[in-house]
Every structure is written in C-alpha cells, then in structure tokens.
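Reader: I am a first-year student and would like a close look at a single part of this structure. Please explain that part and then set it in its wider context.

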Amino acid sequence: MALSREQVAMRVAQELQDGYYVNLGIGIPTLVANYVPEGIEVMLQSENGLLGMGPYPTEAELDADMINAGKETVTAIKGAAIFSSAESFAMIRGGHVDLTVLGAFEVDQNGNIASWMIPGKLVKGMGGAMDLVAGAMNIVVTMTHADKYGNSKLLEGCTLPLTGVGCVKKIVTDLAVLEVRNGAFHLLERAPGITVEEIQQKTAGKLVVNGDIPEMVFN
Amino acid sequence: MAGFNKVVHSYEDAMAGLQDGMTVIAGGFGLCGIPEGLIAQIKKMATTDLTVVSNNCGVDGFGLGILLEDRQIKKMVASYVGENALFEKQLLSGELEVELTPQGTLAEKMRAGGAGIPAFFTATGYGTPVAEGKETREIDGRHYVLEPAITGDFAIVRAWKADRYGNLMFRHTSMNFNPMAATAGKITVAEVEEIVEPGELEPSQIHTPGIYVQRVIKGSFEKRIERRMVRQG
C-alpha cells in the first residue's frame, strides 16, 4: 500500500541525526517533527527567524508575535534563539543548516526541483525554498510519486519553472525512497507491499534498481 | 524637544512626504510584525503608483492587502503571495506588476541597501526564472547570480519598544524583516507598542540603533493571527 502522509513523515524522520539543525517545509515536512527518533536531539529552524521551534502553543501561551514560517502560531523551546530574516538566511545560505525537507511538484534525475510555480495557474511565490535548496547541506524532498491522474512526478527533466538546480539528494514518496546521483534515480527502499514494477511504471525519469530492494521498516 | 526627538504624534506626521510613485519598504512576515497604523495611513492618503517591497502582501482586507483594494500598488516585490486572492487576481490579470524574489534574497537586498552595498552574488535562484537577465558568475566552481540591493523612499516597520532617539527592540518573531527594512529607507518610520525613556533600553540589547530611524509613533495593534494553531495543554 502507498504510504500515508504520516508514514512518509515517519520515514523522513529516520534521516535525522543527533545534533542536526533542520528546516522543515510546509505540509508533510512539518509532520516530521512529530516522529523525531527517541534519544536524538535536533533543533528546528524556521526561516522567519527562529532556531529552536517548539510545539503549537496552548491557549494560555498563544501569542500573535510568535509564529513559524507557515504563519502558524508556535512556541520556542528552552535554548531557542530569535533573529532577523537576514540572519536566518545567513545561516541557511552559509550552509549551517544540516538538512532541509520540502515538498515539490516535480523532481528530475539531475536533482533539479520545481516547487513554486505553475505558469498561468497558481501563483504563490517561492518563499524561502530557493534559498533553502541552494544553501542546505542535505536536501530531502517529500511528495507523492505520481499526481492524481497517475502522471509521474519523477521526471527526466522538470517541465515547470525550477526552484533549484542539481540540489536534491534524496526523495521520499508514498511508494519509495530514492537517491539522486549521476543523472538517475536510484531505488533504495519500497513502501510495504509496493512492487519494483509499480515504482518503475510510475517513474518517468531514469531509474536504477540494483539487486533486491528492501521494504521500508517502521518502528 | 528638537534634535534627536523623533517621536511624532499623528499618523499624518508619521507619513508626511509620501508621494505617488514612491517606493515603500515594509517590515513584517505574513501579518506578524506589520505596521498596521502606517499601512492604514497610506490607504487614507490614497497615494498611488507605489512600489511596495515586503515579504508578503497581507491578506484580503488586512495588512498591505488593503492597499490593493484601491489599486494603490503599481509594483510589488515579495517572496510569497499565496494568502491573498485579490493579489493573485491582479497579478494574473496583469494589473499589478510583481517581482517575486526569494525570501533570503529579499532580506539581503534590504540589508545590502541599508549598508551601502549596491549588489551581491548569491547561489539562490541560479538556473531558475529568478536569474533570467541577471549577471551570473562562477566562483570556486559554484554558480552565482548578481542581485541588486533595494532602498526605499520610505521604510515602515513595527517594533515593540522604542525611545525618542529611535532605538528599537522587536518582540519575538515579529522581528523578521523589520531590522533590515529599517536600514533601507530614506525616511524610516517605526510604529511601536511602547515608547520608553532613554536609558531604559539596555544599549547592547538594542536591535536597531536609532541612526536608521527618522520617526517614531506609538501605535495600537490588532495583531491579527493568520493561522491560529493550539495544542491541548
């Protein structure tokens, strides 16, 4: 079965390492914070100027001056720091953030990502995504493997305006975990019950399958 | 008191000199940390053909969104406009010129503008539509885009505490773009929650030194929340 949003987040959380500074995008990436493995400590960066983002506030803690990059009310953990947008993006562009997780419309086999604009239709803007993909040490993309019409989102070349070039290292979809290198998607893991054939069929770009592909393991 | 007393007592005085066709840089992220009263004053003045530089353009009916209602904005420089239906409509119909700018590039453009740096190279946006028509350069094997700085005729910011010298402190994440915006205006106006006596702000804790600020006005703020999220506690 294809993974739920929560399961995709659970699988991404396995990429977290002790001591990581992590920026989580809007949507599924935000859910990753709920599944930080026990025994490791990560610090969440929110690009509006918060390092050490905590959970949503209680009614009593609610404060309009305390929000995350998704404009949701939020709290700061003990040991958090708050700073300006320029400082925030200095740490992002300067390569100080260890991992960024974000969603996408399309990714291609050269690690290009399109996530911000569908010409003539939806205009939202790139927000901080272009800075994050250009600056983070490691980039994981979460998305469904195919769109609702069954069209692959893992392409030979992105068709939509790009967010960044050659930057995506890993993709966690509802069907698979893939690594992007040497101009191809390398299949690392399958969602439980999903066959390599189905993944192959829903991957439009070059897919490399080496040996037996294990199923994802969830604790 | 003249000299360094930057406190004004009316919104008319706070925005005096704003004219059609000017560039206004506004602090704030979403609806957090926005100078609500100064935006309302611009609406009241009915100034048109404005270029507005701000991360977002408010929402329908609040924040900078109210300046769209009477088409006061000719051009918007922003990173994200997803929360604003009127904005999207004016953009798609071509009534509004928009320069979508990556959020970090936008912050750095303001910072550079205020610091006398005319342009800077950044990896952000290389190979994307943002880089089209801009100079690029390869430095140590990486590609960079040359991005020009931004300055404004006016900068409007929201701060927590100020003194009459224009020294500012911001509260929590309402800081966001406000410190950079404050440096980049020919006339920077700070709308603040509280004006304190000189000396009450610890000098080393001041976020924006008063040299950047020309006018200070005490405001009162609705502080509307865009996405109210709470947990059971």
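Author: The answer below takes helix α4 of chain B as its subject and then turns to the interface of chain A and chain B.

This is a predicted model, in which local features need pLDDT of at least 70 and side-chain atom pairs count only at pLDDT 80 or more, while totals for chains, interfaces and linings use all residues. Residues are numbered from 1 along each chain as its sequence is written, chains are lettered from A in the order in which they are written, and side-chain values use heavy atoms, with hydrogens and water left out. The pLDDT is the predictor's confidence in each residue, from 0 to 100. Chain B averages a pLDDT of 96, and 99% of its residues score at least 70. For the complex, the predictor gives an ipTM of 0.96 and a pTM of 0.96.

Helix α4 of chain B comprises residues 85–93. Helices (H or I, at least four residues) and strands (E, at least two) are DSSP runs, numbered from the N terminus. Within this helix, B:Phe87, B:Gln90 and B:Leu91 are buried. Buried means under 20% relative accessible area, exposed over 50%, and partly exposed in between (1.4 Å probe, protein chains only). Seen down the axis of α4(B), the buried residues fall within an arc of 100°, so they line one face of the helix. The arc is that of the directions from the helix axis to the C-beta atoms. An α-helix has 3.6 residues a turn, so residues three or four places apart point the same way.

The face of α4(B) turned away from the buried side carries the exposed residues B:Ala85 and B:Lys89. The cover over the buried residues of α4(B) includes α3 (66–69), β3 (73–78) and β4 (97–100) of chain B.

The two ends of the helix may be described next. At the start of α4(B), a side-chain oxygen of B:Asn84 reaches to within 3.4 Å of the backbone nitrogen of B:Leu86. After α4(B) comes B:Gly94, whose phi is positive, near 85°.

The wider context is the interface. Here 47 residues of chain A are in contact (heavy atoms within 4.5 Å) with 51 residues of chain B. Across this interface the rule finds six salt bridges, a salt bridge being a side-chain nitrogen of Lys or Arg within 4 Å of a carboxyl oxygen of Asp or Glu. The side chains of A:Asp65 and B:Arg171 meet in a salt bridge, at 2.7 Å from N to O.

Note on methods. Polar contact = N/O pair within 3.5 Å; in protein donor to acceptor, adjacent residues only side chain to side chain.
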